[in-house]
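Let's take a friendly walk through this model together. Have the sequence and the coordinates open as you read.

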Amino acid sequence: MRVGFGNDIHRLVEGRPLMIGGIEIPFDKGEEAHSDGDVLLHAITDAILGAAAMGDIGQHFPDDSPLTKDASSSSFLKNVQLMTGARIINIDSTITLEKPKLAEHIPAIRKSIADLLEINIKQVSVKAKTAEGLGPIGEGKAIKAEAVVLIE
Ligand code: MG
């Protein structure tokens with residue numbers, strides 16, 4: 001068994017969808033990114049790569065490539081699961097953002113990630129918190145995600 005850690009941060013800007021865990025959350029801002037910017041899927045993808053000691057998301061899906069322009073981060077995650085051959089035991093994650101409140105969306109986010117990885121929803125933990133108004137995340141200018149994963 002091996003453990004991996006991943007984190008990611010994106011600026012929040014108007015005119016972009018807010019993608020979290022493979023679903024779009026209704027909000028007036030979203031992640032600025034070359035891909036769809038799904039901050040949580042990027043953190044989980046990096047955690048799986050980390051557990052396998054197979055580099056990082058930027059190495060496998062460069063943000064200056066036309067192949068990853070506006071790409072769905074779901075495809076990054078699926079690819080990395082196949083590439084590493086990882087059997088996922090469990091994932092724990094935390095999203096930090098000031099707005100919107102995510103509590104009502106957490107079950108759908110967990111289900112989306114579980115479906116993508118073909119695992120049980122009980123293997124996927126997603127938590128959300130604010131930055132208590134501190135720093136760029138607290139000012140609503142950015143969203144952060146952190147994830148750990150245990151693989152076999
Ligand atoms: Mg990212």
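Which elements each supply at least two residues of the lining of the largest pocket? They are strand E1 and helix H2, the latter spanning residues 57-60. Before we look further, please keep in mind that this is a predicted model.

Let's stay with that pocket for a moment. Its volume is about 260 Å³. The lining is made up of 13 residues, and the closest to the centre of the pocket are His42, Ile57, Gly58, Phe61 and Asp63. Sorted by class, the lining holds six polar residues, five nonpolar ones and two charged ones.

His42 brings us to the metal site. This histidine binds the magnesium ion through ND1, while the other protein donors are Asp8, through OD, and His10, through NE2. These donors lie 2.1 to 2.2 Å from the ion. Along the chain, their spacing reads D-x1-H-x31-H. Asp8 sits in strand E1 (residues 2-14) and His42 in helix H1 (residues 39-51), so this pair ties together parts that are 34 residues apart in sequence.

How accessible are these two ligands? Asp8 has a relative accessibility of 19%, and because the cut-off for buried is under 20%, Asp8 counts as buried. His42 is buried as well, with a relative accessible area of 9%.

Another residue from the list around the pocket centre, Phe61, leads us to the aromatic rings. The model has one aromatic pair. Its members are Phe61 and Phe76, whose ring centres are 4.4 Å apart and whose planes meet at 15°; planes under 30 degrees apart count as stacked, so this pair is stacked. Phe61 belongs to the loop between H2 and helix H3 (73-84), whereas Phe76 is in helix H3 itself, so the pair ties together parts that are 15 residues apart in sequence. Both Phe61 and Phe76 are buried.

Finally, turn to a further histidine, His105. Where does His105 lie? Look in the loop between strand E5 (88-96) and helix H4 (106-117). With a relative accessibility of 16%, His105 counts as buried. Leaving aside residues up to four places away in sequence, His105 touches Ile23, Ile25 and Pro26.

To retrace the route, His42 is both a donor of the magnesium ion and one of the residues closest to the centre of the largest pocket. Phe61 is likewise among those closest residues, and its ring stacks with that of Phe76.

Definitions and conventions: Residues numbered from 1 in each chain as written. Predicted model: local features only at pLDDT ≥ 70, side-chain atom pairs only at ≥ 80, totals over all residues. Heavy atoms only, no water. Donors = N, O, S within 2.8 Å, 3.2 Å for Na, K, Ca; no water. Helix = DSSP H or I, 4+ residues; strand = E, 2+ residues; numbered from the N terminus. Buried < 20%, exposed > 50% of the residue type's maximum accessible area, 1.4 Å probe, protein only. Contact = heavy atoms within 4.5 Å. 1 Å grid on protein atoms, 1.4 Å probe; cavity = no way out; pocket = protein on both sides within 12 Å on 5 of 7 lines; lining within 4 Å. Points joined across faces, edges and corners; volume = space filled by probe spheres on them. Nonpolar A, V, L, I, M, F, W, Y, C, P; charged D, E, K, R; others polar. Phe/Tyr/Trp six-rings, centres within 6.5 Å; stacked < 30°, edge-to-face > 60°.
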